[in-house]
Protein chains: 2
Amino acid sequence: MDGGEGVDDPLSRAAAEAADAADPLAGFRERFVADAAGVLYLDGNSLGRLPVATRARLAAAADEWGDRLVGGWPEWIDAPERTGDALAPLIGAEPGEVLVCDSTTVNLFKLVGAVAGEGALVTDRGNFPTDRHVLEGIAAQRGVELRQFDGEPDAATLPCGPGDVVVLSHVGYRTGAVADLPALQAAATERGATLIWDLSHSAGAIPVGLRAAGAELAVGCTYKYLNGGPGAPGYLYVARERQATLRSPIWGWFGQRDQFAMERGYDPDPSIRRFLAGTPPILGLAAVEEGVRLTAEAGIAALHAKAVALTERMIALHDAWLAPLGFALATPRDPARRGSHVALAHPEAWPLTRALIERAGVVPDFRGPDVIRLGVAPLYTGHADVWDALDRLRAIAARGEHRAYDAKPGRVT
Amino acid sequence: MDGGEGVDDPLSRAAAEAADAADPLAGFRERFVADAAGVLYLDGNSLGRLPVATRARLAAAADEWGDRLVGGWPEWIDAPERTGDALAPLIGAEPGEVLVCDSTTVNLFKLVGAVAGEGALVTDRGNFPTDRHVLEGIAAQRGVELRQFDGEPDAATLPCGPGDVVVLSHVGYRTGAVADLPALQAAATERGATLIWDLSHSAGAIPVGLRAAGAELAVGCTYKYLNGGPGAPGYLYVARERQATLRSPIWGWFGQRDQFAMERGYDPDPSIRRFLAGTPPILGLAAVEEGVRLTAEAGIAALHAKAVALTERMIALHDAWLAPLGFALATPRDPARRGSHVALAHPEAWPLTRALIERAGVVPDFRGPDVIRLGVAPLYTGHADVWDALDRLRAIAARGEHRAYDAKPGRVT
């Protein structure tokens with residue numbers, strides 16, 4: 001492909017190359033394992049790449065198991081808190097406020113169950129399915145109202161009142177839009193509702209600032225921008241001030257105070273450990289710890305600055321190349337309102353996604369009914385990657401190559 | 001140490017060596033990684049050893065993540081069922097009836113939540129803490145009766161009636177006693193109660209026979225006799241006939257029918273997948289699959305025969321050497337009523353445990369207030385191991401070497 005007019009043209013490949021050359025995070029790219037096919041991977045917001053260090057760390061974790069046997073437990077037992085403490089600065093929490101354990105779904109179930117009473121359970125209809133499903137289930141079991149609202153969460157209109165429990169995603173999984181966390185938190189608090197944040201699409205890509213906003217509860221996933229591996233354990237955040245008064249609905253032996261004095265009734269640990277349930281997954285936690293460490297080393301400010309620069313470039317190229325071909329930007333243009341992925345709507349989004357993967361070596365993902373989601377992971381995505389991916393997408397669309405693929409969405413991965 | 005009277009003396013080391021030489025499972029020992037210190041490990045019932053194959057499998061699983069990225073999901077997505085299908089024959093279940101996912105605690109929470117109504121939640125006071133805690137929590141949240149009974153579960157006296165939910169361990173974690181699963185299942189069913197089995201201390205060591213007994217629900221752990229690694233995912237069993245009518249209390253996107261058609265309300269998958277919640281832990285599942293495969297290769301009949309032979313030897317040596325030193329057998333003498341560990345009660349069990357670990361290179365575990373638990377893992381424990389461990393224990397006790405250790409139990413691992 002032609003690189004355009006050279007470095008002075010902001011739409012040129014030369015300009016993208018120059019941005020990569022000036023990127024302070026460029027060195028992180030080689031700290032990830034390259035995939036065998038050398039794809040242009042724009043799906044780190046679904047599953048992050050494998051850090052080089054994680055390979056060795058997993059081998060070491062296995063050997064620790066083989067060598068130390070049960071003698072490893074005095075160190076392993078603190079892995080959920082230790083990994084949580086490493087994650088805390090990325091989301092504006094303090095040590096002792098974050099646990100890495102269970103899945104995001106189970107963690108959300110624990111937190112909703114800890115605070116739900118007679119009030120409604122509130123979320124937006126566009127929230128990620130598992131968040132909605134957890135609320136649907138608890139509402140059905142307790143016979144309380146499930147209140148799903150249309151449109152993006154807005155502080156002025158957030159439909160909640162005293163005793164309600166609200167679950168919101170900080171960054172929307174389809175649109176990439178950032179919710180105004182401080183304003184929404186203030187609105188919920190003022191109305192007497194409890195707000196639980198889902199940080200799955202923000203942690204590791206944009207700053208969160210939980211404590212600064214007075215946020216009390218959050219959950220999130222570690223297999224996206226935190227590079228913890230497929231199905232890696234999720235995390236939960238409970239502000240220190242709330243820990244002693246909240247109880248997980250799942251009472252288990254790892255949440256028990258003085259766990260190994262076994263012949264007693266349940267008496268939850270006073271710390272955040274009360275939100276543990278069963279035995280924590282040590283191999284999975286080792287992988288999460290490496291991924292989180294790498295992310296924290298880069299620092300959330302630098303990661304966010306690069307995410308903004310990459311998505312700005314993507315939007316500029318979309319406007320110039322793709323809008324004329326029938327694409328529409330489904331992500332906010334204001335960088336302060338945008339996460340680290342860009343959603344492009346197109347009536348043929350599904351066959352375009354298939355063609356990108358199968359003909360062009362570009363891996364985006366598809367979200368029904370009509371969105372191609374292009375994620376940039378600031379630790380390893382470069383400006384030239386963005387240029388190449390959009391260049392290939394415009395070529396496919398311009399030539400109609402995607403029409404060779406079935407128009408009806410199949411199984412998405 | 002003196003080996004006694006030679007092979008004709010059943011208490012001699014020579015007799016133990018002869019039994020090892022004749023052991024059809026002897027070859028499995030070298031399929032496990034030897035620990036660096038070469039301890040006499042009698043705690044495989046707490047954490048099983050690392051299989052050699054698991055090291056390579058974990059590396060392959062990491063590389064699969066690095067290479068295939070999201071393209072790995074079409075295979076990974078079935079890992080909970082595939083691993084469950086491999087486990088099924090070890091517990092007398094059929095393909096499609098077992099899922100490996102979440103922790104044992106969370107799985108028990110899901111099953112109790114699926115069947116609990118207005119009836120009492122019933123268990124024995126000696127059941128494993130996390131089982132009791134799950135029931136305590138659900139009873140408190142629903143305002144139903146928690147009924148804990150003393151003594152071992154007995155079909156004639158099992159205190160349950162219509163609508164009650166009973167949770168029993170197949171093998172008791174302290175005593176190693178085997179509950180009469182068919183009789184208890186029949187008694188519960190006849191009384192209109194629903195019974196959930198915890199197989200943590202039986203799966204992989206003794207036959208379970210779930211379907212043959214008409215058992216409908218079970219959970220268990222994979223890091224003991226199934227060698228899945230520290231904190232490895234647990235499993236759950238739901239008899240095929242019950243799947244379509246039961247719902248997990250934790251509604252999540254992996255339990256959803258047609259999971260990737262995202263813009264819908266929750267509609268659980270008709271199969272056992274409805275008991276999934278969040279994204280399954282792929283690295284952890286890879287390790288479980290290897291451990292389970294190795295166990296299934298040996299076959300549960302051969303494993304059980306060896307477990308009986310090892311525990312018979314241990315009891316004979318106890319009677320000859322340890323009973324005169326103040327030990328008492330806390331495990332049934334009838335091999336049909338015994339799991340794969342032997343509990344020795346002694347008022348100084350804690351310092352004896354410390355001395356065994358620190359002076360004698362023997363790793364048992366301690367269960368308060370007065371039990372030394374000696375587990376034999378038929379895949380890798382040998383008869384000479386049993387002989388050596390008990391020989392060292394008698395030497396420590398006879399010389400009073402354990403009195404050098406603090407009598408008060410500390411943190412147990």
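This text walks through the two domains of chain A, one helix at their boundary, and the relation between chains A and B in a predicted model.

Chain A falls into two domains. Domain 1 is built from two stretches, 13-51 and 299-404, while domain 2 covers 77-298. Taken over C-alpha atoms, the centres of the two domains of chain A lie 28 Å apart.

The two domains touch each other: 31 residues of domain 1 of chain A are in contact with 24 residues of domain 2. On the domain 1 side, α10 (300-322) and β10 (341-345) of chain A each supply at least two of the touching residues. The helix α10(A) gives the most to that side, with 5 residues. Sorted by class, the side of domain 1 that touches domain 2 in chain A holds 16 nonpolar, 10 polar and 5 charged residues.

The helix α10(A) can be followed further. It has 23 residues and reaches 31 Å from its first C-alpha to its last, close to the 33 Å expected at 1.5 Å a residue. Its buried residues include A:Ile300, A:Leu303, A:Leu310, A:Met314 and A:Leu317, and also A:Lys306, A:Arg313 and A:His318. The buried residues of α10(A) pack against the helices α1 (13-21), α9 (282-298) and α12 (383-399) of chain A, and against the strands β9 (328-329), β10 and β13 (371-375).

Beyond the single chain, chain A is superposed on chain B by a rotation of 180° with 0.0 Å of shift along the axis, at an RMSD of 0.0 Å. That is the relation of a two-fold axis. Of the interface residues of chain A, 100% are also interface residues in chain B, so the copies meet through the same surface.

Technical notes. Residues numbered from 1 in each chain as written. Chains lettered and ligands numbered in written order. Predicted model: local features only at pLDDT ≥ 70, side-chain atom pairs only at ≥ 80, totals over all residues. Domains from an automatic or database assignment. Contact = placed C-beta atoms within 7 Å. Helix = DSSP H or I, 4+ residues; strand = E, 2+ residues; numbered from the N terminus. Nonpolar A, V, L, I, M, F, W, Y, C, P; charged D, E, K, R; others polar. Expected span 1.5 Å × (residues − 1). Buried ≥ 20, exposed ≤ 12 C-beta atoms within 10 Å, placed from the backbone. Least-squares fit on C-alpha atoms with pLDDT ≥ 70 in both.
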